[in-house]
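User: I am new to this structure and would like a guided tour. Could we begin with the overall layout and then look inside?

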Amino acid sequence: MFETGLLKDKRILVTGGGSGLGAAMAHRFLALGAELVICGRKLDRLEAAASKMREENGGKVTTIACDIRDGTAVESMMDAIWRGAPLDILVNNAAATFIAQSEHLSFRAADAILAPTLHGAMYCTLAAGKRWIDGKHGGVVLSILSTSTITGRAFTVPSAMAKSAVLAMTKSLAVEWGPKGIRTVAIASGPFPTAGASGQLRPEGRDEGWAARNPMGRAGEHPELADLASFLVSDRAGYINGEMVVIDGGAHLRSSGVEDLLRWTDAQWAEQRAARSRA
């Protein structure tokens, strides 16, 4: 299924494509023949990631510094992309989260999660969609969500809310835009550790035995998610629309993944808030 050229002639934008799962997916798309655009807030990180991708896979990788929390900036980015050629695929990957007792969340802290995770995904999707529709050009939107959309998730409530809203967008636009040749799909990823997410979600002091309790006895590996994403955005998945595919080793069938935090003391939470403030 993953023959060379699976994504040939596909132009793909990956938000947050300079690190973590975004970079893993971007690497795989490029290896399968796609032309890439990766965006993020830090141009130096994007350029370093793009250089590595070109070195390992060849191909064309364009970088654009864009804060997707700003709708005007997203429109400017899409204008710049379309000046070259239309996108074929948008991957809504950029997001933010951290653990916190919900009663201690400030408006600013909640907005720091909602802005990129929900608003950014919506801004990018609408900006790409209207250009596809105006140009009578088909497209695919893949949004990277989490199993909190199924279970809910204590202590990461703004993230669970945002991801669930993006799932609602995915299902709604599948019906509205499907007749226009635009597919919307999603992945609910389970534990795929990255440097950024691990620091926010599994700080020092959290239970270290979580991976062993997964039904598969381990965490996910980045190439596994990248392969699933490559299939879903490819023409081979052309009849999959409005669906979210879970890839978590079955973890959500056992728990929501935060039960250990229910045992945290007030002192542990106070230290976590202090550490986040220092960061």
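Analyst: A word on terms comes first: two strands count as paired if DSSP finds at least two bridges between them. The model shown is a predicted one. In it, seven strands make up an open sheet, and their pairing is parallel.

User: In what order do the strands of the sheet lie?

Analyst: The order is S3-S2-S1-S4-S5-S6-S7. Strand S3 (61-65) and strand S7 (244-247) are the edge strands, each pairing on one side only.

User: And by how many degrees are neighbouring strands turned against each other?

Analyst: On average, neighbouring strands of this sheet are turned by 20 degrees, direction ignored.

User: Which helix packs on the sheet, touching S7?

Analyst: Helix H8 (residues 222-233) does so. Besides S7, helix H8 touches strand S4 (89-92), strand S5 (139-146) and strand S6 (182-189). The direction of H8 makes about 165 degrees with that of S6.

User: Let us go to S2. How many bridges join it to S3?

Analyst: Strand S2 (residues 35-40) is joined to S3 by five bridges, and the two run parallel. Across this pairing, Leu-36 stands opposite Val-61, and Ile-38 stands opposite Thr-63.

User: Which helix belongs to the β-α-β unit with S2 and S3, and is the unit right-handed or left-handed?

Analyst: The helix is H2 (residues 43-57), and together S2, H2 and S3 form a right-handed unit.

User: Changing topic: how many cavities of 30 Å³ or more are there?

Analyst: The count comes to one cavity of 30 Å³ or more. The volume of the largest cavity is about 50 Å³.

User: How does one find such spaces?

Analyst: Rolling a probe the size of a water molecule over the atoms reveals where empty space remains.

User: Which residues line the largest cavity?

Analyst: The lining includes Asn-92, Asn-93, Thr-117, Ser-143, Ile-144, Leu-145, Lys-163 and Val-166. Helix H4 (107-134), S5 and helix H6 (157-177) are the elements that give two or more residues to this lining.

User: Which element gives the largest share?

Analyst: Strand S5 does, with three residues.

User: Finally, how do the lining residues divide into nonpolar, polar and charged?

Analyst: Six residues of the lining of the largest cavity are nonpolar, four are polar and one is charged.

Note on methods: Residues are numbered from 1 along each chain as its sequence is written. This is a predicted model: local features need pLDDT of at least 70, side-chain atom pairs count only at pLDDT 80 or more; totals for chains, interfaces and linings use all residues. Side-chain values use heavy atoms; hydrogens and water are left out. Helices (H or I, at least four residues) and strands (E, at least two) are DSSP runs, numbered from the N terminus. Axes are lines fitted to C-alpha atoms, for helices over the stretch in contact, and angles run from 0 to 180 degrees between N-to-C directions. Contact means heavy atoms within 4.5 Å. On a 1 Å grid over the protein atoms alone, a cavity is a set of points where a 1.4 Å probe fits but cannot get out, and a pocket is an open set with protein on both sides within 12 Å along at least five of seven lines; lining residues have an atom within 4 Å of a point. Grid points are joined across faces, edges and corners, and a volume is the space filled by probe spheres set on the points. Ala, Val, Leu, Ile, Met, Phe, Trp, Tyr, Cys and Pro count as nonpolar, Asp, Glu, Lys and Arg as charged, and the others, Gly among them, as polar. A crossover is right-handed if, with the strands pointing away from the viewer, the path from the first strand over the helix to the second runs clockwise.
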